[in-house]
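Work through the exercises below with the sequence and the structure in view. Try each task before reading its solution.

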Amino acid sequence: MEIKKGIDLNRFILEEERKHPEATGTLSHALMAIENATKIISSYIRMAGLVDVIGKTGRINVQGEEVQKLDTLSNRVLIEHLSGSGDFYAVASEEMEHALFPEEGKDGKYIIAIDPLDGSSVIDANTSVGTIFSIWRKTSSDESTFLQEGKKIVAAGYVIYGTSTMLVYSTGNGVYGFTLDPMVGTYLLSHPDIKIPEKGKIYGFNESYYNKWDERIRKCVDFFKTEGYTLRWAGAMVTDIHRTIMKGGIFAYPLVGSKAKIRLLYEAAPMAFLVKQAGGLATNGTEDILNIKPQALHQRVPVFMGSSEDVKKCMEIINS
Ligand code: FBP
């Protein structure tokens, strides 16, 4: 059936489900829980300056980062909806040291990892931020069930709270983007079957770390400059990856000294899944990010992802 722009997300999810006679409807129901939670988060973000959701909570999370009020609010809203859906045996979050095993999900066959609000450091500057999610099948009854490679992802996506609120996701059959119509309160298909350009003209590296990067990373960035690429860095991975998927180019967060920043389970793996579904590439510099088996819930990895030709060129320079 031809997928028409403007179709609402629920109908799209159900039509995709119909393509799988073996489907039980659980994944559809789970995706709708994410849809509803992110609509609520979007409404808070749209009113951020008017309601008390801007600023810090005074707490430090498991990442050693100052927790923003919107981090806490987004985590709470998502946990309520994901637990309440009964579809998830376990929920892991950037904001929680350990995974949660909701009572309602004790028979759940899926698990989900979330970054409730990506871009914490730019929230109070009214810059685009986002929510990232990735769904896997339950493989064991304890937290180790989350230590699965990205290639085993069942569905992944992000919501960008930008000039408009968009939900972009994939279940392994291409990438689809839905824009939230605030008047109707419904996500409508605005970007069917998104394909990333093979080559871009934008590089997204935080150059303030230039002097702390390995010489080979510097050479890669110097190459893009020499080639006349433009630098863009939003400070929120969702925003940088969304731009990269839509316009092409490369996003990277290499090791700074010996430290990585991006979290594998709920940032790098879901974004790598989407970039590859859109026709791009995603690597940690030596291997495909989707082949990396996490050793810990909050493990960090260096990332290079985007247009296939730009990522290949960067790897050619780095590994030469
Ligand atoms: P969180 O905001 O979810 O902690 O994510 C980390 C992050 O904000 C990424 O979204 C972004 O790409 C990166 O850190 C920005 O790092 P830096 O401040 O070093 O530029």
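**Exercise 1: A salt bridge across the sequence**

In this predicted model, Arg263 and Glu65 form a salt bridge through their side chains, with N and O 3.6 Å apart. Find the parts of the chain that hold the two residues, and state what the pair ties together.

Solution.
- Step 1. Check the distance: a salt bridge needs a Lys or Arg side-chain nitrogen within 4 Å of a carboxyl oxygen of Asp or Glu, and the pair Arg263 and Glu65 has 3.6 Å.
- Step 2. Place the residues. Arg263 is in the loop between strand E12 (250-253) and helix H6 (264-277), and Glu65 is in the loop between strand E1 (56-60) and strand E2 (66-68), so the salt bridge ties together parts 198 residues apart in sequence.
- Step 3. Recall the principle: side chains of opposite charge can pair when their charged atoms come close.

**Exercise 2: Salt bridges between the domains**

Identify the domains of the chain and state how many salt bridges cross their interface.

Solution.
- Step 1. The domain assignment gives domain 1 as 9-191 and domain 2 as 202-318.
- Step 2. Two salt bridges are found across the interface of these domains; the structure as a whole holds 18.
- Step 3. Arg263 also forms a salt bridge with Glu94, where the closest N and O atoms are 3.5 Å apart.

**Exercise 3: The extent of the interface**

How far apart are the C-alpha centres of domain 1 and domain 2, and how much area do the domains bury between them?

Solution.
- Step 1. The C-alpha centres are 22 Å apart.
- Step 2. Contact involves 49 residues of domain 1 and 31 residues of domain 2.
- Step 3. The domains bury about 2,900 Å² between them, with 65% of it on carbon and sulfur atoms.
- Step 4. On the domain 1 side, Ile132, Leu147 and Tyr158 lose the most area to domain 2, together 21% of what that side buries.

**Exercise 4: The domain 1 side**

Which element gives the largest share of the side of domain 1 that touches domain 2?

Solution.
- Step 1. Begin with the polar contacts: 13 residue pairs make them across the interface.
- Step 2. List the elements that give two or more residues to this side of domain 1: strands E3 (88-93), E4 (110-118), E5 (129-137), E6 (155-161) and E7 (165-170).
- Step 3. The largest share comes from E5, with seven residues.
- Step 4. Sorted by class, this side has 22 nonpolar, 19 polar and eight charged residues.

Note on methods: Residues numbered from 1 in each chain as written. Predicted model: local features only at pLDDT ≥ 70, side-chain atom pairs only at ≥ 80, totals over all residues. Heavy atoms only, no water. Domains from an automatic or database assignment. Contact = heavy atoms within 4.5 Å. Buried area = accessible area lost by both parts, 1.4 Å probe. Polar contact = N/O pair within 3.5 Å; in protein donor to acceptor, adjacent residues only side chain to side chain. Helix = DSSP H or I, 4+ residues; strand = E, 2+ residues; numbered from the N terminus. Nonpolar A, V, L, I, M, F, W, Y, C, P; charged D, E, K, R; others polar.
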